Every structure is written in structure tokens, then in C-alpha cells.
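Biologist: Please show me the model, and then let us go through its aromatic rings.

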Amino acid sequence: MQSLSRPASTSTRPTASPNPRPQYQVNTQTKVFDTAQGRLLCIADIRGRLSALNDLAREANASAIIHTGDFGFFEASSLDRINDRTLRHLTMYSPLIPTAQRNHLLAPENPPSTIRSTVTINLLSEFPLLLSGQIKLQVPVYTVWGACEDVIVLEKFRAGQYEIENLHVIDEATTRCLDIGGVKLRLLGLGGALVPHKMFDNGDGNATIAGGQGTMWTTALQIGELVDTAQRVYDPTETRLLVTHASPGREGIIHQLGLVLKADLTISAGLHFRYASSYNEFSVQADFEGLRHKLIVGKEAFDRVWESVKSQVDTVIDDHQRVLLDKALSVIERIPGSPNRPGAPAGQPAAEEPAWKNCWNWNLCDAAYGSLVLDIKDGRVSAELKSQGFNYAYRRTVTPSTVAATPSSETSGLPVQPSGEAATPKNAGATPLATEKPLPPHLTGSKSKPATPPPASGGSGRETPKLNGQQQQQPQTQQQSQAAADKAERERAKRERKKERKQQERADREAAANANKEGGTASGTASPAQPRAEVDLTSPPPHGPKSGKATPEVSTTGGDFKAPEDGVTSPATESTGARTPTSRRPARNPWTIFMRMPNPANESEVREFFGDAKEGIIRISYPANFPGRSQKMCYIEFGDEEAMKAGLAKQGEKLNDSIPELKQATDRESRAAENGHRGTFPGRGRGRGGFAARGFASAGLTRGGAPGRANGDAPQSSDAPKASEGS
């Protein structure tokens, strides 16, 4: 049975849909477990990693497994039937392909032929091992098929050619009853993705199921036969569990099917969230009209397709298929009446749809991210949800000014600041933080990280990190050492502020000396205009505290700002206002990786090293102050934090037969590179030429003969050797 609503059909079968099964036959069995108590593990999208099923069941202490689709029904001959787009999708999400190999296969420069010539069935699914008996299921597994399966393999199960111990495929004509924990749980299943314009196209499927080119979808006759099966096995003493790949929370037709089947519980997948969800319609709809609206939208989508193919369908279906089609149409027409409909008896409460509050739904995340366990005891069905969830650890390194304000920011405990202000919150007009302790150094406006992100200009490719609802991954080793890194960061920032203060004082003295030499005018006569070091009028006055921590008050109302009468204002700089800049260099892109290489590599080689992550690179620069070594270290700037972290994930991979060192760059490392140091403070005993060099210098035994300073600063003379130069 083919649809004319699509430009071309994937079907290679005759137009009339054959009906090889005996009519009115229901494949049903009852499996009796421990009647006192039992646990059912519910998972989704195992994606061919079938050897993990036994491990998951053992960890959950489960008596059986219920699976909601994308099981991995592929065999060796399936590769010839999968189209390029579906094969790329399977390659992208297969848990059987190593990450490095997957990144190589999915590289933009690789054509589809590269994937097809490389990927074998062993990289897509362990189903052939299960079929041959090399993998055995230790507990019963009840599954429907998903959106990415081979319909030919499913047809072999339905025809009896394939049979695997403890594997039960639940379809529109096959149902199972589990007697467990004092509950008779009736399993009803509907496989495939719900695509309304394909509901009358069988593709390469026989009878009622449909699929082709590595994908499968739901048909109208499939829904009709499931209704017929449920009606034939109906028992009011049973609890009905509807297992679908499509979500009834998203698809009105699937919810209507649950109403017709009188489902008490539903389990679905297909949304691929990092959290599983548990809900009933009463908890997610504002009122009953919200539920009716969802069902009406699904009905209208089906009706548009049905009107376009109705005449063709009527000419090709047989009497048995017409019965199933009528049952499918009854599902589409199953719209609960409105409580406020005109003509309702006055004074009588409107009859409420029982499923509105009593039918409970679970939508599962992929098996790699979580699961649901139904613990059934003495007739009570308890639920345990486990989800990997989002990783919010990246927010520990985000400056406060990059966090988007919430609508209720007036009453929020987080102060809101306009762009360009100091990172320190104001005392007036904002609710203080819950703690009275100052912000840690990595959240203040220190030089190591700018207080505001780079502006999102159209040409730079940079954008503010996406904080709301998006998963940000960090390497596992970084998460484990986060506490130690924070402590080291605080110590480093403290030392840096002290050294920066001394450098600032020295720079001020040098600037004053230069001004005295160059300004040869008479006393009281204005000097000619000449370039000067940038001055930030918001910096503390010279007689103020020199700790580098004091931040002046800045008005938050830009409209009330008035320039002084003498016309002197702060110059336009990229400073955040937290501290007077010590140079004219722009602030470093916070999403920069510092890369040190044992063997030299040019820019194109560095880009290729990052693989897929190279798409996020916006600039590569080499320090120019390393004669003979300029190709052995570089800075790679990325457009956003997520792209930078993808680049950091390349740590440990080889470039030019050596493994480079990757780490997030800071201004400290940049300054050290410009001075010839390797990321440590000179004279502090941490680089080459630390305590020993300082002791030899005081004894007059080193080149230059000048003793080191007591405070550990490097001598000002350019002739003195640098601590990191060595011999």
C-alpha cells in the first residue's frame, strides 16, 4: 500500500500489502516471576551494544528488561541497504566505535564512501553475536524496534526465521503478560518513529510494519492491529503498560492510542535527553483544554495525509486490512469531550477523562545516560529514575558578568551589573551574596581572565558561552583535580597581584623619568601634546591602598553620567574597570589554548591536529621572541568555550611523531613566554635558576655579577641573564 503524498516511495514490494499471518491470531504468553517482589529495568537506545544488557540487569538486580527501541537490529547484509545519511548517523552515535576513529570518519573532508568502506557490522551492532549464540541474554528482554533498524531483520523474526532465547520482540500482534510482585503487567508495544506522511507507506516491509534504507516508521495498519490485539486480550485484572519508541508527551496520536488501549502506564524514548522524565498530563498541561489541543493538532496532521491518499488506499486494501484501518481511524477520532462544551447537562459535573490524572508516563534517556527501574512489590509499582544529567562544573570558572540575568533579578541573590563595570558587586542597590567572603580570585577582574567576554561581533566568530540548558563537557581529570586547582589558582593570583603591583610602581617611575627627560619646557608652560600611557580615572589614587583589590564605585545609570567641566574623561580602553591596564595590548581571548610542541609544526599542521575541533579555531599565533624555537609553541584562539574544550580533548594525541602539551592559556603564561620563562615566576625557585641562581648571584659567582633583589624580582639590567635561559 503506497502513498502518493511523497515524491517517491522507498518500497520495492507490490502495491497490495500481503497478509501472511492467519487472521485473528494473537501471540501472547504469560511469564511468571517471583510473585512477592520483582524489579524491571527499563532502558532505551542500547544502539547495538547488546553485551551491556547483562551488566545493566545485574547492577539493577532486575528480573527482566523492557527496551523502547533502537535495539540494533542489523546484520552484515544490512550495510548494503542503509543509505549514506543513515549510515553517518549510526556512525556518529554507535557506542562500539572508538572516539578517535569516529572523529576521523566524521571529518568534513571525508566523503560518504570513506565511512562505507571502513564501517563494518561489528562497529554498528553486536546483533550477529547474539544471533550466533556468542552473546547470551541472562534475563528476558522485551523490546520494540526504534527509528534506526533494518526492517528485513524484523520481518525474519515475525516469520519465525530468527529466534533468540530470552529475546521477545513486542509488536502489534505480539503481547506478553508479566506476573510479578502481585501485578499482572500486560505489555503492549508499538515500534518505529511516528511520521504522519509515511503512515500509509510500507517501504520494504510486509503486511503492517514499514521501513527501508536503515530506518523504520509506524503505519496506520500497525496501530489498527495493536488496537485489535489489545481488545482480544483485555482483562480488567491486568495493569496495562504501553511501550512505544515515540513519546506520547510529544505526539498526540500516541497519546490517543493510550486512551483507546486503556493504558495505565507508558514508557517511551526518542527524545535523547540527559534526564529521564516522569509525568502525567495533569502535571504538564495548564488545563484539560491544553491536552485536547495537543490531540487535535495530531489529528489534523493525520487528516491532511489521509485526505490525500484516501482514494488510493480504498482500492488496494482487503477486508481484513479495512477492519484494521477502521480501528486506526477510531484512534484518530478519540478526542475527549470538553468539560465546557455547549449542551452539557446543567448542574451536572462533566465526566473527566480518567487518563488525565491516572495514566503515568516515563520518557527515558539513552541507556548510556540513565535508566528506570520499576520495583513491584505487593501490587505497588515503585519507580527509580537514574540519569547522568548535565555537567555544570564549567560554571566554576565563568566570571559573574557572563551570567545572564534572570527575569526576577530585582529579587535575586545575584547582583546584576551593566557591561563594562567592575566585577566587584556594588554595595548599594543590589542584594549581597549569601556569603560575606570576597569572591575567589578566578571570579574577580584579575588579569588572568577578563571580567567580560569578547563582544559577539559578526566577523569574529566569538560568542558568549551558552549557560542555560546546554551540556558542557570537561575532561574527567580536570573534574577530579578541580579543588586542588582552585587552591593553586588562589595562591597564584595572590602572588601575581603582589608582583603586578611592584611592576606597576616601577613602570610609573620609569614613565615619570621619561617625562622629565623629554619635557624640556619652562616651569608653568604647557608641554606639547605627546603620547602618554593610558590612565584610568577609576583606578585608586596614589595615596590610596595599593593592594590591587580596591574597586571604586561606578554609577550604574548611564543616562545620569555627566562629564567633568574640564572635559577630562577616562580614555576608551578594553579595561573592565577592575584595574588600570599596564600595557596597550588588548585583553587575551579567554578561550585560548597554549600549545608546546617537542617538534616544530606550522599553522596548517596545528589545525589538522585538532581534527573536528579545528572548525572553532579563529586564530593561531606564534610568539616572535624565541629565536630558532618560534615553531615549537603557539596560541590557538577559539570562538567559544565549548570549542576550546573540544580542542583540549586532543591532549595525548600525536603531532609530528611527538605528543604536544595542551592547556588553557592565561595572561600569566603569555607574559612568561614573552620574558623567556616557562610559566613560573623568576627568582622564586620554581624555574631553572631559582634559589640556586639567587644564592650564586649574591656570592658574585654568576654572569653579570649583580646580586638578585631581596624581593625576588629580576634585575632591571638587560645584560643580566634570565632565570630560564640556562647555559
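**Aromatic rings and a buried threonine**

Modeller: Phe390 has a relative accessible area of 26%, and buried means under 20%, exposed over 50% and partly exposed in between (1.4 Å probe, protein chains only); therefore Phe390 is partly exposed. This is a predicted model in which local features need pLDDT of at least 70 and side-chain atom pairs count only at pLDDT 80 or more, while totals for chains, interfaces and linings use all residues. Residues are numbered from 1 along each chain as its sequence is written, and side-chain values use heavy atoms, with hydrogens and water left out.

Biologist: How many aromatic pairs does a search of the whole structure find?

Modeller: Rings of Phe, Tyr and Trp (its six-membered ring) pair if their centres lie within 6.5 Å; planes under 30 degrees apart are stacked, over 60 edge-to-face, and the rest tilted. By that rule the search of the whole structure gives 15.

Biologist: Stacked, tilted or edge-to-face: which describes the pair of Phe127 and Phe157?

Modeller: The ring centres of Phe127 and Phe157 are 6.0 Å apart. Their planes make an angle of 55 degrees, and the pair is tilted.

Biologist: Is Phe127 buried or exposed?

Modeller: The relative accessibility of Phe127 is 0%. Because of that value, Phe127 counts as buried.

Biologist: Over which ring does the charged end of Lys198 sit?

Modeller: A charge sits over a ring if NZ of Lys or CZ of Arg is within 6 Å of the ring centre and within 35 degrees of the ring normal. For Lys198 the distance to the centre is 4.1 Å, and the ring belongs to Trp217.
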